[in-house]
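User: I am new to reading protein models, and I would like to go through this one with you in questions and answers. Could you please take me through it step by step?

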Amino acid sequence: MNSDFKILIVDDEVLIAEFLKDELISLGYQHIALAHNKKQAFALVNVFKPQLILLDIRMKSEREGIEIAEEINQKYKIPFIFITAHSDKDIVQQALNTIPSGYITKPFKQIDVYAAVHLVETNSEKLNERFVVFKDGYAELKVSVDDILYAQSDDNYIHVFTTSKKHTVRNTLEWFKESVPEELFHRTHRSYIVNISKVNKATSKNVFINDIEIPVSRGNQIKLE
């Protein structure tokens, strides 16, 4: 197995973090970053953009891991698995309140690491298989969100442009916006909503998807990362 799944390990014990990284690499996970404190962790969350965080409950301060987990829930919605050797009932209860996606206990067993990580990876893949269902004339179509480039309003219709063709739907842009993932689509103009992941160039007045130029109204600019 050679997975593209991106994992961030947050543990202030460098040797333990490196050991866990080696275990993951041996399991086929190649995209791994390490952080050893809260500041490093959130710097990497913003740059590395992990799909899973392996998070030690107890670092320099007893609640540091829990505080990181609480902030992840508030700002990022990234799944995390606690790394723990902890048996203190109060700390464990605080950890449970953050709704982790699992636990890996120290000392690590490779099968436990694989089971916990693979479960999150599988669930993530299922969540990403998102579709929009609409009628195109008399036909009912199920279109993958990832195939949609942008939507354009045209009076009582919208044109949904995909990687392969254009679909004309009797509906509104408001309906379209509610039907697609909020984090993936952005309204650049009263008549346009674009798939941010498909934008290859952005200015203050326009965005480009391939060679297609789409207008941007004031206050609706996109900042590409």
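User: In which strand is the place of G102?
Analyst: Strands are DSSP runs of E with at least two residues, numbered from the N terminus. This is a predicted model, in which local features need pLDDT of at least 70, side-chain atom pairs count only at pLDDT 80 or more, and totals for chains, interfaces and linings use all residues. Residues are numbered from 1 along each chain as its sequence is written, while side-chain values use heavy atoms and leave out hydrogens and water. The run that covers residues 102-105, and with it G102, is strand β5.

User: Is G102 buried or exposed?
Analyst: Buried means under 20% relative accessible area, exposed means over 50%, and partly exposed lies in between, with a 1.4 Å probe and protein chains only. The relative accessible area of G102 is 16%, so G102 is buried.

User: Which residues is G102 in contact with, leaving aside its neighbours within four places in sequence?
Analyst: Contact means heavy atoms within 4.5 Å. With the neighbours within four places in sequence left aside, the residues in contact with G102 are F80, I81 and F82.

User: How is the aromatic pair of F80 and F82 arranged?
Analyst: Rings of Phe, Tyr and Trp (its six-membered ring) pair if their centres lie within 6.5 Å, and planes under 30 degrees apart count as stacked, over 60 as edge-to-face and the rest as tilted. The structure holds eight aromatic pairs. In the pair of F80 and F82, the rings are 5.4 Å apart centre to centre with 70 degrees between the planes, an arrangement that is edge-to-face.

User: Which residue forms one aromatic cluster with F80 and F82?
Analyst: Both F80 and F82 are buried. The residue that forms one aromatic cluster with these two is Y103.

User: Why is the pair of F176 and F185 edge-to-face?
Analyst: F176 counts as buried because its relative accessibility is 1%, and F185 is buried with a relative accessible area of 7%. The ring centres of F176 and F185 are 5.7 Å apart, and the pair is edge-to-face because the planes stand at 85 degrees.

User: Which residue in β10 stands opposite I158?
Analyst: Two strands pair if DSSP finds at least two bridges between them, and four bridges join strand β9 (residues 157-162) to β10, the two running antiparallel. β9 and β10 form a hairpin with three residues between them. Strand β10 (residues 166-169) has H167 and V169 on its covered face and K166 and T168 on its uncovered one. Opposite I158 in β10 stands V169.
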